[in-house]
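Please open the model in a viewer and keep the sequence at hand. The tour below proceeds by selections, each followed by a description of what is found there.

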Amino acid sequence: MITVRRSDQRGVTDFGWLDSRHTFSFGEYHDPAHMGFRSLRVINDDRVSAGSGFPRHGHRDMEILTWVLEGGLAHRDSLGSGSVLRPGDLQKMSAGTGILHSEFNASESEPVHFLQIWIVPERPGLPAAYEQKHFDEAARKGRLLRIAGRPPLADGALPIHQDVDLHVASLDAGQEVEHALAARRHAWIHVARGAVEVNGVPLAEGDGASASDEPRISVRATRPSEVLLFDLA
């Protein structure tokens with residue numbers, strides 16, 4: 001069964017410097033019908049104006065992934081990590097026992113566009129940790145590339161503390177990828193850019209969809225697209 005969450009149905013936070021669209025309940029946006037899917041708790045589609053960002057603040061007991069789509073995002077945290085994330089960079093913070101961080105647009109002239117994803121960890125009280133890695137577009141062109149998952153991992157994906165695999169694909173119009181979904185597994189698909197059909201169901205940019213009791217997920221691009229696919233317990 002495919003259940004669609006349309007882009008224009010998402011929650012909205014607009015602070016002027018921040019335009020954020022919430023697939024699931026977040027902050028002041030609360031919808032009991034959309035509190036997450038399985039262990040996937042947050043997908044925020046964030047656009048931050050030049051020179052602006054999120055001042056230092058804290059998190060606990062959450063696996064936080066950030067995937068940059070356009071621009072540069074400057075990160076600093078209480079573990080001593082600091083870098084500028086660019087398109088194709090995945091950041092993973094295991095907030096665990098507690099982490100403080102800030103995220104600012106690295107440019108004084110151009111906006112930054114990124115997805116922030118929260119996954120509920122398998123247990124609370126894990127050590128706080130930070131990692132990031134770049135995934136070349138060539139490696140995800142025309143195929144689903146795993147970029148994060150539960151260890152052990154032998155393909156270079158970043159480790160997270162939950163039974164979730166996150167894949168990303170960059171597709172030209174007409175390209176199609178398939179993902180086999182094991183028994184009692186579920187999927188969430190998010191269209192970061194472009195437009196696709198998921199098992200024949202059309203999805204536009206910003207749309208998401210859950211899939212349950214579907215042994216195979218087919219994603220066919222109807223326009224040049226970038227798609228995230230979560231395989232969840």
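Two strands are said to pair if DSSP finds at least two bridges between them. With that term in place, select His 167, which stands opposite Leu 229 in β22. Please note that this is a predicted model.

**The sheet around β22**

Extend the selection to β15 and β22, which run antiparallel and are joined by 8 bridges. Next add β17, which pairs with β22 in the antiparallel sense over 7 bridges; here His 186 stands opposite Leu 232 in β22. β17 (residues 186–193) also pairs with β20 (residues 208–212), again in the antiparallel sense, over 5 bridges. The bridge partner of His 190 in β20 is Gly 208.

Now display the whole sheet. It is open, with 7 strands in the order β1-β20-β17-β22-β15-β13-β14 and mixed pairing. Its edge strands, β1 (2–5) and β14 (158–159), each pair on one side only.

**The two faces of β22**

In a regular strand, side chains alternate between the two faces of the sheet. Select β22 alone: 8 of its 8 residues are buried. One side carries Ser 225, Val 227, Leu 229 and Asp 231, while the other carries Glu 226, Leu 228, Phe 230 and Leu 232.

**The nonpolar cores**

Which residues have the most contacts inside the largest nonpolar core? Select Leu 40, Trp 67, Leu 228 and Phe 230, which hold that place in a core of 25 residues. Strands that each supply at least two residues of this core include β4 (40–48), β6 (63–70) and β11 (112–119). Centre the view on Leu 228: beyond its neighbours within four places in sequence, its contacts include Trp 67, Leu 115, Ile 117, Leu 166 and Trp 188. A second, separate core has 18 residues, among them Leu 144, Ala 187, Leu 203 and Ala 211.

**His 113**

Move to His 113 in strand β11. Is His 113 buried or exposed? His 113 is buried, because its relative accessible area is 4%, and the cut-off for buried is under 20%. Not counting residues up to four places away in sequence, His 113 touches Asp 45, Asp 46, Arg 47, Val 68, Leu 69 and Glu 70.

**The largest pocket**

Finally, select Phe 15, Leu 18, Phe 26, Asn 44 and Phe 54, the closest to the centre of the largest pocket among its 22 lining residues. The volume of this pocket is about 330 Å³. Its lining divides into 8 nonpolar, 11 polar and 3 charged residues. β3 (18–22), β4, β5 (53–59), β10 (99–105) and β11 each supply at least two residues of that lining.

Terms used: Residues numbered from 1 in each chain as written. Predicted model: local features only at pLDDT ≥ 70, side-chain atom pairs only at ≥ 80, totals over all residues. Heavy atoms only, no water. Helix = DSSP H or I, 4+ residues; strand = E, 2+ residues; numbered from the N terminus. Core = buried A, V, L, I, M, F, W, Y, C linked by side-chain atoms within 4.5 Å. Buried < 20%, exposed > 50% of the residue type's maximum accessible area, 1.4 Å probe, protein only. Contact = heavy atoms within 4.5 Å. 1 Å grid on protein atoms, 1.4 Å probe; cavity = no way out; pocket = protein on both sides within 12 Å on 5 of 7 lines; lining within 4 Å. Points joined across faces, edges and corners; volume = space filled by probe spheres on them. Nonpolar A, V, L, I, M, F, W, Y, C, P; charged D, E, K, R; others polar.
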